[in-house]
Amino acid sequence: MKAFFSNEYNVLTARIFLGTLLVVASADKIADPAAFARSIEDYQLISGTAAMVAATIIPWMEMLCGLALIAGVVVQASALLTGALLLAFTIAVISALVRGLDISCGCFTQDPAVSRIGWLKIGENVILIAVTAFLYSAQNTRFSLEHYIGSRQSGS
Amino acid sequence: MTRHRQRFREAAVLAACAVVLGFSSTAIRSKGVFGPNASVGPTAQGVRPDSPTMIQLPEAIHLFESGEALFVDARHAFDFARGHIRGAVNLPLNEFDSRTGLLDSLPRNRVLITYCDGVECNSSIGLASRLRDAGYSGVRIFFAGWSEWQAKNLPMETNTP
């Protein structure tokens with residue numbers, strides 16, 4: 001088990017997978033924050049300016065975390081922040097499902113016709129949260145910018 | 001413990017960077033908060049401005065009596081069978097996609113008024129949005145819904161099989 005957690009290739013795969021997912025997810029939202037704000041409003045948890053502010057900040061959190069995970073800088077902090085975001089998304093989806101809202105997820109695209117929320121989404125998010133937990137607890141930093149910088153500093 | 005604290009601090013810095021990047025990028029591109037339609041919406045019940053309009057009981061009664069409107073009940077079939085606004089049709093929100101036959105049979109020349117239990121439920125709003133997206137114009141939401149209609153003892157009927 002410990003070997004799995006410290007295996008450098010497992011950590012690398014998880015980083016690239018989650019990082020790419022986050023960057024892809026953030027692209028549409030950054031391009032059109034107003035559309036993302038409408039997706040947020042569909043959940044009927046926040047609305048108006050609050051939704052717009054969330055739509056301004058959340059995509060950049062995803063983008064920054066995604067890039068940091070791919071590059072291998074502040075990996076654990078990125079995993080932590082991503083985990084917190086995913087947890088919030090999951091709670092929002094569960095609350096919408098419980099209230100019987102039939103809305104589009106707004107996760108990867110803002111097209112209302114695509115990807116409506118369902119219990120499958122919760123499953124996906126749980127898996128992604130597990131990946132963030134893995135990256136947070138993993139100690140291996142090989143193939144990361146941090147490792148490269150660290151080794152150069154200690155070598156000189 | 002300090003290791004965790006350090007990670008939390010780094011995560012907070014990342015979040016702060018996202019705030020700065022988010023607001024500066026939207027400001028530069030005049031989008032989102034800084035965009036032309038910055039206010040995405042009014043906000044009672046989280047309703048968007050392009051959402052179908054909400055009506056109160058007097059208007060609902062007026063439209064009912066004049067026969068201009070068809071009431072569409074967003075509740076579950078079981079609740080609908082126990083009692084509904086007279087003349088209403090039942091289109092539960094979660095069956096919207098599977099009830100295409102009913103959807104096609106809805107008149108396009110009448111006002112459609114959606115309702116559900118009352119202020120505790122949102123499916124009337126969801127159903128109205130779906131109807132609008134399906135091309136029906138002039139959809140209204142009778143948000144006070146069944147509970148108020150029933151409380152005022154207005155014309156009702158039950159399903160008798």
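Hi everyone, let me start right at the crossing point: helix 5 of chain A and helix 1 of chain B cross in a right-handed way. Please keep in mind that this is a predicted model. The angle between helix 5 of chain A and helix 1 (residues 2-29) of chain B is about 70 degrees, and their axes are 8 Å apart. Angles of 65 to 115 degrees count as roughly perpendicular, so helix 5 of chain A and helix 1 of chain B are roughly perpendicular to each other.

Who actually meets whom here? From helix 5 of chain A we have Q76(A), A77(A), S78(A), L80(A) and L81(A). Facing them from helix 1 of chain B are R7(B), F8(B), E10(B), A11(B), L14(B) and A15(B). Sorted by class, that contact of helix 5 of chain A with helix 1 of chain B comes to 7 nonpolar, 2 polar and 2 charged residues.

Now let's move to another partner of helix 1 of chain B, namely helix 4 of chain A. The axes of these two helices come within 8 Å, and the crossing angle is roughly 120 degrees. That makes helix 4 of chain A oblique to helix 1 of chain B. The crossing of helix 4 of chain A and helix 1 of chain B is right-handed.

If you want to click through the side chains, helix 4 of chain A brings T56(A), I57(A), W60(A), M61(A), L64(A) and C65(A) to this contact. Helix 1 of chain B answers with L14(B), A15(B), C17(B), A18(B), V19(B), L21(B), G22(B), F23(B) and T26(B). And how many of the residues in the contact of helix 4 of chain A with helix 1 of chain B are charged? There are no charged residues there, with 12 nonpolar and 3 polar ones making up the contact. You may have spotted L14(B) and A15(B) before: they also appear in the contact with helix 5 of chain A.

Let's zoom out to the whole interface. In total, 28 residues of chain A are in contact with 31 residues of chain B. On the chain A side, the elements giving two or more residues are helix 3 (33-42), helix 4 (48-71) and helix 5 (75-98). Which of the helices gives the most to that side? It is helix 4 of chain A, with 11 residues. Taken together, the residues on the chain A side divide into 17 nonpolar, 7 polar and 4 charged.

A quick word on each chain. Chain A has 7 helices and 0 strands, and 41% of its 156 residues count as buried. Among the chain A contacts with a separation of 6 or more, 70% join residues 24 or more positions apart.

Chain B mixes 6 helices with 7 strands, in the order α-β-α-β-α-β-β-α-β-α-β-α-β from the N terminus. Of its 161 residues, 35% are buried. For chain B, 65% of the contacts with a separation of 6 or more are between residues 24 or more positions apart.

Finally, confidence. The model scores ipTM 0.88 and pTM 0.61. Chain B has a mean pLDDT of 83, with 88% of its residues at 70 or more. Among its elements, strand 3 (residues 84-85) of chain B has the highest mean, 94, and helix 4 (residues 100-105) of chain B the lowest, 82. Over residues 39-47 of chain B, though, the pLDDT is below 50, and this stretch has 24 contacts in the model beyond near neighbours in sequence. Where pLDDT is low, the predicted coordinates should not be read in detail. Thanks for listening!

Key
Residues numbered from 1 in each chain as written. Chains lettered and ligands numbered in written order. Predicted model: local features only at pLDDT ≥ 70, side-chain atom pairs only at ≥ 80, totals over all residues. Contact = placed C-beta atoms within 7 Å. Helix = DSSP H or I, 4+ residues; strand = E, 2+ residues; numbered from the N terminus. Nonpolar A, V, L, I, M, F, W, Y, C, P; charged D, E, K, R; others polar. Buried ≥ 20, exposed ≤ 12 C-beta atoms within 10 Å, placed from the backbone. Axes fitted to C-alpha atoms, helices over the stretch in contact; angles between N-to-C directions. Parallel < 35°, antiparallel > 145°, perpendicular 65-115°, else oblique. Left-handed = near helix turned anticlockwise from the far one by under 90°. pLDDT = per-residue confidence, 0-100.
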